[in-house]
Amino acid sequence: MHAVAISSTGLFTPPEIITNEELVVAFNEYATQQNAAHAAEIAAGTRQPVPMSSVEFIEKASGIKRRYVMEKSGVLDPARMRPRFKARPDTEISMMAEIAVAAANDALQRAGKTAADIDGVICASANMQRAYPAMAIEIQTAMGIKGFGFDMNVACSSATFGIQMAVNMVQTGAARAVLVVDPEITSSHLAWKDRDCHFIFGDVCTAILVERLADAPPGAFEVLGTKLFTSFSNAIRNNAGFMSTSEDRSPDERDQLFYQEGRKVFKEVCPLAAEHMASHLAEHQLVPANVKRFWLHQANLSMNQLISRKLLGRDATPEEAPVILDEFANTASAGSIIAFHRHHDDFKAGDVGVICSFGAGYSIGSVVVRRT
Ligand code: CO8
């Protein structure tokens with residue numbers, strides 16, 4: 001069995017930013033137009049008005065201040081409220097593959113590696129742009145990587161579950177090195193017309209290079225262990241799928257985009273995530289106090305504060321549990337990886353950290369790493 005390391009990570013940041021202020025102006029204009037168009041039904045009590053959103057609520061409830069998106073004009077158009085993407089011909093690289101290649105090249109360059117060093121690509125994301133061929137194979141071919149690629153989806157835990165698959169393959173010798181890429185174009189599955197969740201998500205792509213410790217550059221993070229957990233829940237869902245047209249569903253039906261019971265998720269997932277990390281650390285004869293940093297999934301600031309408090313028995317400092325969701329919002333599976341990517345340079349040899357994701361499924365994945 002080979003010892004395994006995360007040699008580097010890469011980040012693709014989308015070109016456009018939507019601030020909470022811009023988002024709320026667009027949403028409230030949409031609400032005003034809807035309410036004017038349906039004034040008679042609202043007055044008759046047969047229809048509820050669309051309630052207004054507010055910047056203050058968003059920041060207090062979530063900690064999110066802005067988000068990156070691939071295209072903002074469509075999202076901010078009150079008559080549209082979704083990104084405006086141009087369909088690409090089959091001869092052109094698809095959008096998810098394009099941003100994955102950018103993040104993967106960033107990771108390769110940081111580790112001083114090339115496509116020739118890689119044997120496999122796992123595209124791990126909360127949603128795939130198409131059914132087939134696999135996104136990962138398009139990414140693999142675009143990068144000139146020999147070997148194999150496949151897609152996997154575990155919603156917000158896709159990256160950590162992908163890391164475990166990569167670690168297993170490198171450990172057993174099935175691959176020398178695997179790139180896990182997490183292109184998250186959440187703007188296409190977010191319900192921008194729903195006040196309860198219109199502020200939650202942002203677009204991004206991260207990449208993680210997993211390889212034999214013996215081949216890794218100095219300062220790489222040895223993977224001490226990975227641990228996965230799932231338990232079925234309807235609290236976070238998206239029912240859009242390949243049977244939607246056969247069911248004569250309209251894309252405008254509410255369940256064809258992301259929907260959730262946010263409070264329930266909050267209450268149920270926080271204790272699960274804290275227990276998961278504590279038990280994972282115990283398997284390695286570690287306790288939370290031995291950990292320099294928790295790179296947590298970035299869904300909600302209060303959620304991360306509560307999880308850290310449960311783990312440490314006190315509030316975590318910003319160094320112990322860094323926050324990136326104020327800038328990026330919830331980027332589904334990429335959040336904990338962005339936190340790792342942005343906040344690991346100060347680690348010294350021997351320092352231990354935990355990457356942990358949690359989300360729809362429910363699903364929780366943790367990776368315990370130690371700097372070499
Ligand atoms: N502006 C003003 N008021 C609002 C707004 C708004 N935008 N939204 C809601 N309100 C009102 C509500 O109507 C409610 O009013 P009232 O008390 O009169 O009923 C009040 O504010 C409080 O509402 P909530 O109880 O909903 O507010 P919370 O404090 O619970 O905050 C959150 C809402 C932020 C959603 C919070 O519950 C949360 O973050 N929960 C956890 C969510 C989470 O982590 N979900 C995981 C999703 S991640 C995942 O797995 C991804 C799946 C795949 C990716 C999909 C990409 C699109």
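**Reading the ligand shell and the sheet**

The largest share of the shell around the ligand comes from H7, with three residues. The model is a predicted one.

Q: What makes a residue one of the 27 around the ligand?
A: The test is a heavy atom within 4 Å of the ligand. The shell has 27 residues, and Cys 156, Arg 195, Gln 260, Arg 263 and Ala 360 come nearest.

Q: Which helices supply at least two residues each to the shell around the ligand?
A: They are helix H3, residues 55-62, and helix H7, residues 262-283.

Q: How many residues of the shell are nonpolar, polar and charged?
A: By class there are 14 nonpolar, ten polar and three charged residues. Gly counts as polar here, and Cys as nonpolar.

Q: Why does the pair between the ligand and the side chain of Gln 260 count as a polar contact?
A: The limit is 3.5 Å between N or O atoms. A nitrogen atom of the ligand is 2.8 Å from an N or O atom in the side chain of Gln 260. That is within the limit, so the pair counts.

Q: How do you know that Ser 53 and Ser 54 make polar contacts with the ligand too?
A: Use the 3.5 Å limit again. For Ser 53, an N or O atom of the side chain is 2.9 Å from a ligand nitrogen. For Ser 54, a backbone N or O atom lies 3.2 Å from a ligand nitrogen. Both values are within the limit, so both pairs qualify.

Q: How much of the ligand does the protein bury?
A: Taken alone, the ligand exposes 1200 Å², and the protein buries 76% of that.

Now the sheet.

Q: What is the order of the nine strands in the open sheet?
A: The order is S5-S4-S6-S7-S1-S8-S13-S12-S11, and the pairing is mixed.

Q: Why are strand S5 and strand S11 called edge strands?
A: Strand S5 (148-152) and strand S11 (293-296) each pair on one side only. Neighbouring strands of this sheet are turned by 25 degrees against each other on average, direction ignored.

Q: How do you know that S8 and S13 pair?
A: Pairing needs at least two bridges. Strand S8 (residues 221-230) and strand S13 (residues 363-371) have nine bridges, so they pair. Their sense is antiparallel. Thr 230 has Ser 363 in S13 as its bridge partner. Phe 221 stands opposite Arg 371 in S13.

Q: What makes S1 and S8 a pair?
A: Two bridges join S1 to S8, and at least two are needed, so they pair. S1 and S8 run antiparallel. Ala 5 stands opposite Glu 222 in S8.

Last, some loops.

Q: Where is Leu 76, and which residues does Leu 76 touch?
A: Leu 76 is in the loop between strand S3 (66-69) and helix H4 (95-111). Leaving out residues up to four places away in sequence, Leu 76 touches Ile 18, Glu 22, Leu 23 and Ala 26.

Q: Which peptide bond at Pro 133 is cis, and where is Pro 133?
A: The bond joining Tyr 132 and Pro 133 is cis, with omega about 0 degrees. Pro 133 is found in the loop between S4 and helix H5 (135-143).

Q: What is omega for the bond from Gly 361 to Tyr 362?
A: Omega is near -10 degrees, and the bond is cis. Tyr 362 lies in the loop between S12 and S13.

Q: What makes the phi of Gln 285 worth a look?
A: Most residues other than glycine have a negative phi. Phi of Gln 285 is near 55 degrees, a positive value. Gln 285 sits in the loop between H7 and S11.

How values were computed. Residues are numbered from 1 along each chain as its sequence is written. This is a predicted model: local features need pLDDT of at least 70, side-chain atom pairs count only at pLDDT 80 or more; totals for chains, interfaces and linings use all residues. Side-chain values use heavy atoms; hydrogens and water are left out. A polar contact is a pair of N or O atoms within 3.5 Å; within protein, one must be able to donate a hydrogen and the other to accept it, and residues adjacent in sequence count only if both atoms are side-chain atoms. Accessible areas come from the Shrake-Rupley method with a 1.4 Å probe; for residues, only the protein chains shown count as cover. Helices (H or I, at least four residues) and strands (E, at least two) are DSSP runs, numbered from the N terminus. Axes are lines fitted to C-alpha atoms, for helices over the stretch in contact, and angles run from 0 to 180 degrees between N-to-C directions. Contact means heavy atoms within 4.5 Å.
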